[in-house]
There are 2 protein chains.
Amino acid sequence: MADSPFAPLGVLEEQVVVAILRTRGEAYGMQARREIEGATGRELSIGAVYATLDRLESKGLLTSSRVVEEGSSRRLFDVTPEGARALADTRAMRERLWRGVNVRELLALARA
Amino acid sequence: MADSPFAPLGVLEEQVVVAILRTRGEAYGMQARREIEGATGRELSIGAVYATLDRLESKGLLTSSRVVEEGSSRRLFDVTPEGARALADTRAMRERLWRGVNVRELLALARA
DNA sequence: ACTGCCTGTTCTACAATGTAGAAACTTTCC
DNA sequence: GGAAAGTTTCTACATTGTAGAACAGGCAGT
C-alpha cells in the first residue's frame, strides 16, 4: 500500500497525550491514569498507561525526565512538538470524518 | 481489572461505522473504503476494511446481507442499534476527554 | 532496625485491532 | 470462453491495548 502522509493516534494513545497535555508540569504516569479515568469514566490498569507512555516516547511524541525531590522520584512527561502535531492531526482527521454526519439520527438509531 | 461499563471503538472501527452510517442503503465494502479515504484523506487497503467490517459484524455492531441485482452481487452493511450506541458512546467519551483542553495552545505547541 | 504500607514505576505476556497483499468470485463485453 | 472491472474472502503479520505482578523508595509505627 502506498504511504499515507499520516497515521492517526490510537484511542489510548490519544487519551494519554491529552492527559499529559492537561496536566503539564505534574504529568507523570499515575497522574495521567487518574486524569484519564476521571475524564473518560473508565478504569485502566497502570501497566496499560505506562506501556503507552513508553511507546509514545520511543516514537518521539513525548519526552520524559526523572524528577527527584522531597521524598519522591517520579518520571515527568511532556509533549513534544511532534506529539502535539500528531494529536492535532488526529483531531482534524476525525473532524473531517464526522463532518456531515447527522448526530441526531445517530442518537435516534441508538435509542432503537 | 474491574469491568468498565464500556470500551470505545478503535480508530478504524469508528471510521468504518461512520462510513456505513453516511452511506446507508449503498453501504458495501468498497464504498466504505472510498468514503473513508475521501473523508480522512488517507489510503487504506480493502483487506483492512473488510477485516474490520467482519469484526464489527461478529460483535453485533453491524449486520450484512447479500444483495443480488442488475449486474452486481454485493454485501450490504447496516448499523445495528448496538453499533449506533457504541459509536455515540465513543464520541461522548472523547468529548469528555477533550473538554477543557486548550486547542489554541495545542496548535501553538504543534507549530513549535 | 524491622515491618508494613503508601506512591510510583518497570517488566512480562497475551488479546484485540490495524494492515497489506494476493486469491477467488461475478458479471459484462468482446 | 477469455479478458477486464468490480467486489469479496483469506492469510499472515505488525501495532496497539491491556492486566497483573514484581520492584523500589520513603515514611510511619513499633
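These legends go with four close-up views of a predicted model.

**View 1. The two chains, A and B, are related by a two-fold axis.** Start with the pair as a whole. Turning chain A by 180°, with a shift of 0.0 Å along the axis, lays it on chain B with an RMSD of 0.1 Å. This is the relation of a two-fold axis. If you look for the axis in chain A, Val11(A) is a good landmark: its C-alpha is the one nearest the axis, at 3.2 Å. Both copies use the same surface, as 100% of the contact residues of chain A recur in chain B.

**View 2. Chain A meets chain B through residues of several helices.** Here we move to the contact between the chains, where 34 residues of chain A touch 34 residues of chain B. On the chain A side, the elements that give two or more residues are α1 (11-22), α2 (29-40), α4 (81-98) and α5 (103-111). Among these, α4(A) provides the largest share, with nine residues. Sorted by class, this side of chain A holds 22 nonpolar, seven polar and five charged residues.

**View 3. Helix α3 of chain B turns one face to its buried side.** Follow α3(B) along residues 46-58: its 13 residues reach 18 Å from the first C-alpha to the last, close to the 18 Å expected at 1.5 Å a residue. Which residues of α3(B) are buried? They are Val49(B), Thr52(B), Leu53(B) and Leu56(B). Seen down the helix axis, these buried residues fall within an arc of 105°, so they line one face of α3(B). An α-helix has 3.6 residues a turn, so residues three or four places apart point the same way. The buried residues of α3(B) pack against α1, α2, β1, β2 and α4 of chain B. Gly47(B) and Ser58(B), on the other side of α3(B), are exposed. Just after the helix, have a look at Gly60(B), which takes a positive phi of about 85°.

**View 4. Strands β1 and β2 of chain B form a hairpin.** Our last stop takes in two of the elements that α3(B) packs against. Strand β1(B), residues 62-69, pairs with strand β2(B), residues 72-79, in the antiparallel sense over eight bridges. To find your way along the pair, note that Leu62(B) stands opposite Val79(B) in β2(B). Two residues lie between the strands, and Gly71(B) in the turn has a positive phi of about 60°.

Methods:
Residues numbered from 1 in each chain as written. Chains lettered and ligands numbered in written order. Predicted model: local features only at pLDDT ≥ 70, side-chain atom pairs only at ≥ 80, totals over all residues. Pairing = 2+ DSSP bridges. Helix = DSSP H or I, 4+ residues; strand = E, 2+ residues; numbered from the N terminus. Least-squares fit on C-alpha atoms with pLDDT ≥ 70 in both. Contact = placed C-beta atoms within 7 Å. Expected span 1.5 Å × (residues − 1). Buried ≥ 20, exposed ≤ 12 C-beta atoms within 10 Å, placed from the backbone. Arc of directions from axis to C-beta. Nonpolar A, V, L, I, M, F, W, Y, C, P; charged D, E, K, R; others polar.
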